[in-house]
Amino acid sequence: MEKFEGYIFTALCSTNFLISCLLFSRVTREQREPYMDEIFHVPQAQKYCHGKFNEWDPMITTLPGLYLVSVGVIKPVVWLADLTGAVVCSTAMLRFINLLFNCGNLYLLYLLVCKLHLREKVFPDDEFLSALSLSTFPVLYFFNFLYYTDAGSTFFILFTYLMTLYGCHKASAFLGVCSVLFRQTNIIWVAFCAGTLVASKMDEAWKVEHTKKRDEKSPPSQVPLSFSGAKKVMHFMLEFLTSPGHVKAVLLVAWPYAVVGLGFLAFVVLNDGIVVGDRTSHEACLNFPQLFYFFSFALFFSLPVSLCYYRVLRFLQALKKQPLFFLFVTGVSLLLVWKFTFVHRYLLADNRHFPFYVWKRLFQRHELARFLLVPAYVFAGWNFLDSFKSRSLFWSLGFLACLVAATVPQKLLEFRYFIVPYLMYRLHMPLPSLPRLLVEFSLYTAVNAATLYIFISKTFHWPDSTATQRFMW
């Protein structure tokens with residue numbers, strides 16, 4: 001049976017790679033020259049290909065992980081195949097690296113689905129289709145065809161988390177360093193991996209305390225959507241984090257991640273900030289509505305697997321049961337939207353990105369539009385939390401803390417920043433049924449087909465430029 005499943009997965013990977021190669025060929029034929037951020041990434045990688053490791057484009061804001069991996073893959077192929085000329089480290093060759101990362105992401109997603117849902121009684125087809133669907137997640141899949149950091153960044157974060165789940169914490173920490181070399185903000189998800197170990201220890205202590213106060217049949221901890229529940233949890237966390245015994249038990253397991261964290265802190269001090277290169281366009285701020293944008297984004301892309309009639313009914317029941325709590329949440333959300341909405345100049349000026357049109361046609365339609373969306377944000381946030389009801393209390397809190405850290409400081413509304421948190425969210429949802437997975441895969445396929453068609457066919461020109469412009473995520 002396992003051998004048969006192996007054949008199915010191999011065929012699945014091969015078919016996915018073949019289709020991706022055909023799409024890659026079409027995209028590359030239509031857009032041969034570097035486009036958008038590729039105008040910085042491609043020349044920098046080509047410098048590394050020629051051994052010029054001491055030259056750096058000051059406009060690049062990320063560390064050189066993508067270029068180092070690209071050279072590490074391309075150079076051995078060049079030597080083995082005796083290739084010369086323009087094909088070596090060409091734009092197309094560099095972009096192809098991300099197709100390899102796409103294959104790796106598919107395999108890692110499959111392993112993660114199997115590991116996270118080991119106890120769920122499902123058919124192998126569910127696991128295969130779930131991994132395939134997630135590997136075609138539209139925002140991630142689109143950037144497999146361009147020379148961006150997203151595919152590699154996602155690969156190393158998924159690999160880091162997989163090693164954490166298998167208990168290989170030294171390997172996980174090393175892979176976490178690799179992920180940070182692709183994108184500095186990945187340190188948040190390295191911290192998340194360490195946080196899962198802390199959450200596990202806290203869950204054990206919570207259950208012991210809960211059992212003592214009540215009985216052995218007490219339910220597993222969940223996120224408490226009430227004032228009293230929040231107060232109780234905060235008091236417990238304070239006691240846990242100030243207990244030398246608990247802290248020692250955590251450090252004995254999580255010390256490799258602590259070493260990575262200290263190393264990253266040293267980098268921030270020496271670099272005088274997280275960003276390398278151009279910092280003017282990447283200034284941190286408290287853009288709390290980014291969290292609401294992510295909840296809405298997650299709701300849309302998870303509609304086939306997360307939303308159903310019963311969940312809407314539960315939301316209405318929760319509103320009826322705790323009206324004051326939801327009124328408080330709505331009030332706080334309105335305040336955050338009012339006082340902490342920031343708009344990056346790129347969002348208003350660059351009409352090549354889809355967020356430009358979302359902002360223009362939704363948020364700029366009327367000055368009250370951003371406030372009228374708050375009830376939708378509240379529902380999207382509730383739906384997000386409700387999807388984690390099978391997860392433990394402290395794991396959920398750790399994930400939410402990392403989500404806030406990954407989204408709120410970003411001034412620019414950029415859907416690429418939502419890739420890793422969305423995949424983490426979707427991976428930890430209960431494994432959907434086969435019909436729901438088919439609907440999800442169909443949705444992703446339709447969105448991918450539409451975005452690639454628009455990118456290839458719906459070109460336009462700016463009045464002051466002869467260069468061909470294309471729409472993209």
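Is His-428 buried or exposed? At 1% relative accessibility, His-428 counts as buried. Keep in mind that what you're looking at is a predicted model, so let's take a tour of it on those terms.

## Around His-428

To find His-428, go to the loop between α21 (419-427) and α22. Its neighbours come from several places in the sequence: leaving aside residues up to four places away, His-428 touches Leu-116, Tyr-161, Phe-388, Arg-391 and Trp-395. Val-113 is worth a look too, since it sits 315 residues from His-428 along the chain, yet the C-alpha atoms of the two are separated by 8.4 Å.

Two of those contacts turn up again at Thr-196. This threonine lies in helix α9 (residues 187-213), and its contacts, again not counting residues up to four places away in sequence, are Tyr-161, Thr-164 and Trp-395. Thr-196 has 14% relative accessibility, so it counts as buried.

## The nonpolar core

Now for the greasy part. In soluble globular proteins, nonpolar side chains tend to be buried together. Here the largest nonpolar core has 140 residues, and the members that touch the most others are Phe-137, Trp-189 and Phe-384. Take Phe-137: beyond the residues up to four places away in sequence, it touches Phe-297, Phe-301, Ile-419, Tyr-422, Leu-423 and Tyr-444.

Helix α17 (residues 354-363) has buried residues of its own, namely Phe-354, Pro-355, Phe-356, Trp-359 and Phe-363. What covers them includes α12 (289-301), α16 (345-349), α18 (369-372), α19 and α22 (434-457).

## Two helices against α19

Helix α19 deserves a closer look. Two packed helices are described by the angle between their axes and the distance between the axes. Here is how α14 and α15 each sit against α19:

| Helix pair | Angle | Axis distance |
|---|---|---|
| α14 (residues 309-321) and α19 (residues 374-386) | about 110° | 11 Å |
| α15 (residues 323-340) and α19 | roughly 120° | within 10 Å |

The angle for the α14 pair makes α14 roughly perpendicular to α19. The residues in contact are Arg-311, Val-312, Arg-314, Phe-315 and Ala-318 on the α14 side, and Phe-379, Trp-382, Asn-383 and Asp-386 on the α19 side. The crossing of α14 past α19 is right-handed.

The α15 and α19 pair, on the other hand, counts as oblique. Its crossing is right-handed. Where these two helices meet, α15 brings Phe-326, Val-329, Thr-330, Ser-333, Leu-334 and Val-337, while α19 brings Val-374, Tyr-377, Val-378 and Trp-382. Did you spot Trp-382? It's in the α14 contact and in the α15 contact.

Many of the spacings in those lists may look familiar. An α-helix has 3.6 residues a turn, so residues three or four places apart point the same way.

## Cysteines, paired and unpaired

How many disulfides does a search of the whole structure find? It finds 1. The partners are Cys-49 and Cys-89, with sulfur atoms 1.7 Å apart. This link ties together distant parts of the chain, 40 residues apart: Cys-49 is in helix α2 (residues 38-49), and Cys-89 is in the loop between α3 (65-81) and α4 (91-116). The angle about the S-S bond is -70°, and the link is left-handed. Both cysteines are buried.

Cys-103, by contrast, is in no disulfide; the nearest cysteine sulfur belongs to Cys-13 and is 7.0 Å away. With 26% relative accessibility, Cys-103 counts as partly exposed.

Why is Cys-193 not bonded to Cys-402? Cys-402 holds the closest cysteine sulfur, but at 8.7 Å from the sulfur of Cys-193 it is too far for a bond. Cys-193 is buried, with a relative accessible area of 1%.

## Two unusual backbone angles

One last stop. Most residues other than glycine have a negative phi, and most peptide bonds are trans. Met-36 goes against that habit: it isn't a glycine, yet its phi is positive, about 55°. You'll find Met-36 in the loop between α1 (2-30) and α2. Its relative accessibility is 10%, so Met-36 counts as buried.

Asp-272 also has a positive phi, near 60°, and it is a residue other than glycine. Asp-272 is in the loop between α11 (244-271) and α12. At 62% relative accessibility, Asp-272 counts as exposed.

Methods: Residues numbered from 1 in each chain as written. Predicted model: local features only at pLDDT ≥ 70, side-chain atom pairs only at ≥ 80, totals over all residues. Heavy atoms only, no water. Core = buried A, V, L, I, M, F, W, Y, C linked by side-chain atoms within 4.5 Å. Buried < 20%, exposed > 50% of the residue type's maximum accessible area, 1.4 Å probe, protein only. Contact = heavy atoms within 4.5 Å. Disulfide = S-S within 2.5 Å. Helix = DSSP H or I, 4+ residues; strand = E, 2+ residues; numbered from the N terminus. Axes fitted to C-alpha atoms, helices over the stretch in contact; angles between N-to-C directions. Parallel < 35°, antiparallel > 145°, perpendicular 65-115°, else oblique. Left-handed = near helix turned anticlockwise from the far one by under 90°.
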